Structures are given as C-alpha cells and as structure tokens.
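User: I'm new to reading protein models, and I'd like a close look at one small part of this one. Please start there and then work outwards.

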Amino acid sequence: MRAMIVKEFRELRRDRRTLAMLVVLPLLLLVVFGYAANFYVSSVKTAVVGPQATQVAAALPEYFDVTVTAPDDTRSDAENLLRDNKVDVAIVTSSPGAPSAALVDGSNLFAAQSSVSVLNKAGGAVQTEVLFNPDLKTSWVMVPAIIGLILTFIGTIITSIGLVREREAGTLEQLAVMPIRPSQVILGKIVPYFLLAALDMTVVTVLGMVLFGVPFNGNVLVFALGAAIFLFVVLGLGVLISTVSHTVGQAIQTAFFFLLPQILLSGMIFPLDAMAAGVRWIGYLLPLTYFTMISQGVMLRGAPITTLWLPLLVLTVMAVVVFTGATLRFRRDLAPNVKSAPRRTGAEAGRS
C-alpha cells in the first residue's frame, strides 16, 4: 500500500501537465472569478453632441466618461460613433430647455444595461434609445461570441488530437522522409479542419439568425475575412499543441489551458471593462477577444472594415506568429525522425 502511494506520487511528479492541472488551474479559477467575475461596468465612454454639448457634458455624473464633445455634430454623427465602437453612449442635445436624447450601444450588453439604469434615474431630462440591440437580448450578444468559441474548440482541441494521433500511429516518420516541407505538411493537415470549421460557422450563424432573430447588418465578406484569419490563429495553436504533446490525453490537457482563458477572459461572459486592469490585459492577448469584436461589430452594428482594422491587424499578427512557431516546432520534431529513418545502401537499392 505504501509503495503504491509513493509510486503514484513519483509518477505525478514526472507528469508536469497533470501537476499543472492540479496546481495552476485552481489558482487560475481563483484569479479569474475574483477579479474578472463582475457584470457591473463602473463607467462608459460617452460622446455629447449638439448645441448644448458643452453644458450637458459638464453636468453629467462621473459614470459617463466624456471622451467626445462636439457642439457642431448631429445625431447622424453620434450614431456613427456608436457604430464604430468609439463610445458606448452618445447624448444628442438640442435647444435649451428641450430634453436630450441618449443613444446607447446595445451590442455592449452589460455597459448598455448599466447605462440605461443610470439614465432612467434622470427622469424626463433624457430620452433613452437603445441601438443595435433594442431589447437588450442576451442571445444577440452571445451568438456572435459562440461562433468564435466553436472555431476555437475545433482549432485547438480537434486539430491537436488529430495530429497527435499521427504521432501515436507512427506515421510521423513517414512524413519525415517525404519530399515536402513542414509548412506544407501543416497546411495539408489543417485544411480539412479549416473547411469543417467554416461549415460549422456557417450553420451556427444561420441558426442563430433563424432561431434567435440575431441580425446580420454588416458585410458578409468582412465577417468571412475576420473568421478566416481567426481560424488560422486557432488552427496554428492546435498544431503548436500537438508538437508538445505525445498522447491524446496530453493534447486535451494542453488545449484546455488555452481554451479556458478564452471563455472567461475574452469578454464573452464577463465584460472586459468590468475586469481588473491586470486581468483585462490578459484578455487583450487572446484571439477570441478580437474575433468577438469583429463578429459583434459586423452582425449587430454593421461596422465597416475601416473601423475593424485594429482587431483584424492583431489577428493577422497572431496568425503569423503562431503559424511560424508551429512550423519551427514541427520541423524540429521531424528532424530526429529524418536522422533515425533507415537509409538504403547501394546494394539494397540495386536488389530492389
């Protein structure tokens, strides 16, 4: 009995991934739910436009962080600021004594709910109107994020498992002696998963629109471009995971470490604006954060590509870095197999 216990502890000490699951995962959950599990947004970016913009901006409570004050702008300019995600609330003023109109971005659900609550306390002085999600439906905000989650699941877990099975089956040596580059091997392996993920994305998007009435107000090509770049990122992560895993179990464990932060810290469940600063910056390092910005921007706000250039650029940089890292790791894995692969002598070649 004592020998069995000692043996298990020794095996656990050697299995660093399982040890990390036992030690790091509880700490991660503690930090996430301690600093990130907050649905209340303490302040929102606000624009004030119209003739009385300066006076109204000065009288607003601290909850409204006024970043734009434009007396010469109109309601159309305010709507564009909301569509481009530059502000969360836009207050349109008119003549002195007349009530102002407060336009709220409903695609930012938790900020919108908090803003509407604060504005309603102002009574008749402000007329509130929610854009892009008039009824503040949770499904309208969640479906675009779930699309990204599905792509992340396929890219990290399914792809890594598929490639690790090649290692377990011993076909890695066959790939090593084939006259193709590691980058070509990786592309050949991920293309089926890319097509499968694209099909799943299309089905989920259509079902979300049909079942939950989620609108699609933007350009389909912009959405497809963002999804394609994001897919390359998560597929590259899947390949990278497979290069550091020798079994399917190890691949699943490692992929889980990548998947959990994506769910909790990307703004999909908890709003980024409500997180503590340190945890929020972790969210800005996750690819799902930027795809959610793109999907919600295109589907709900109809944002053009000119206003989504930053998340597209970040995802592109991530795709290049991750794919390059995966290729280098994969080449390093192939090199030992090339050296160990049996070489045929001249006599053997002549007999064949």
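Which residue in strand 4 does Val92 stand opposite? And what surrounds that spot?

Analyst: Val92 stands opposite Ala101 in strand 4. Before we go on, a bit of housekeeping. This is a predicted model, where local features need pLDDT of at least 70 and side-chain atom pairs count only at pLDDT 80 or more, while totals for chains, interfaces and linings use all residues. Residues are numbered from 1 along each chain as its sequence is written, and side-chain values use heavy atoms, with hydrogens and water left out.

Helices and strands here are DSSP runs numbered from the N terminus (H or I over at least four residues for a helix, E over at least two for a strand). The chain has 14 helices and five strands.

Now back to your spot. Strand 3 (89-92) and strand 4 (100-105) pair in the antiparallel sense over four bridges. Two strands count as paired if DSSP finds at least two bridges between them. In a regular strand, side chains alternate between the two faces of the sheet. In strand 3, Val89 and Ile91 sit on one side, Ala90 and Val92 sit on the other, and all four are buried, so both faces are covered. Buried means under 20% relative accessible area, exposed means over 50%, and partly exposed is in between (1.4 Å probe, protein chains only).

Strand 3 also pairs with strand 1, this time in parallel, through four bridges. In that pairing, Thr46 stands opposite Val89 of strand 3. Strand 1 is joined to strand 2 as well, by six bridges, and these two run parallel. One residue to find there is Val48, whose bridge partner in strand 2 is Thr69. Five of the six residues of strand 1 are buried, so the rest of the structure largely encloses this strand.

What packs against these strands? Helix 4 does: its buried residues are Ala78, Leu81 and Leu82. They cover an arc of only 100° around the axis (taken from the directions from the helix axis to the C-beta atoms), which puts them on the same side of helix 4. These buried residues pack against strands 1, 2, 3, 4 and 5, and also against helix 12 (287-301). Just after helix 4 comes Asn85, whose phi is positive, near 60°.

Helix 4 (residues 75-83) carries charged residues too. Side chains of opposite charge can pair when their charged atoms come close. The rule for a salt bridge is a side-chain nitrogen of Lys or Arg within 4 Å of a carboxyl oxygen of Asp or Glu, and the count comes to three. In one of them, Arg75 meets Glu79, at 2.9 Å from N to O. Why do these two fit the helix so neatly? Glu79 and Arg75 are four residues apart in helix 4, which means about one helical turn separates them. Glu79 is partly exposed at 29% relative accessibility, and Arg75 is partly exposed at 31%.

Arg75 has another partner, Glu129, with the closest N and O atoms 2.9 Å apart. This pair links distant parts of the chain, since Glu129 is in strand 5 (residues 126-131) and lies 54 residues from Arg75. Glu129 is partly exposed at 34%. The remaining bridge joins Arg83 to Asp84, again with closest N and O atoms 2.9 Å apart. Arg83 is partly exposed at 25%, whereas Asp84 counts as buried at 16%. Salt bridges with shared partners join Arg75, Glu79 and Glu129 into one network.

Finally, zoom out. Of the chain's 352 residues, 44% count as buried. Contact means heavy atoms within 4.5 Å, and among contacts between residues at least 6 apart in sequence, 72% join residues at least 24 apart. The chain's accessible surface (Shrake-Rupley method, 1.4 Å probe; for residues, only the protein chains shown count as cover) comes to about 17800 Å², with 65% of it belonging to carbon and sulfur atoms.

Elsewhere, Val204 is found in helix 8. Val204 is partly exposed at 22% relative accessibility. Leaving aside neighbours within four places in sequence, Val204 is in contact with Ile147 and Ile150.
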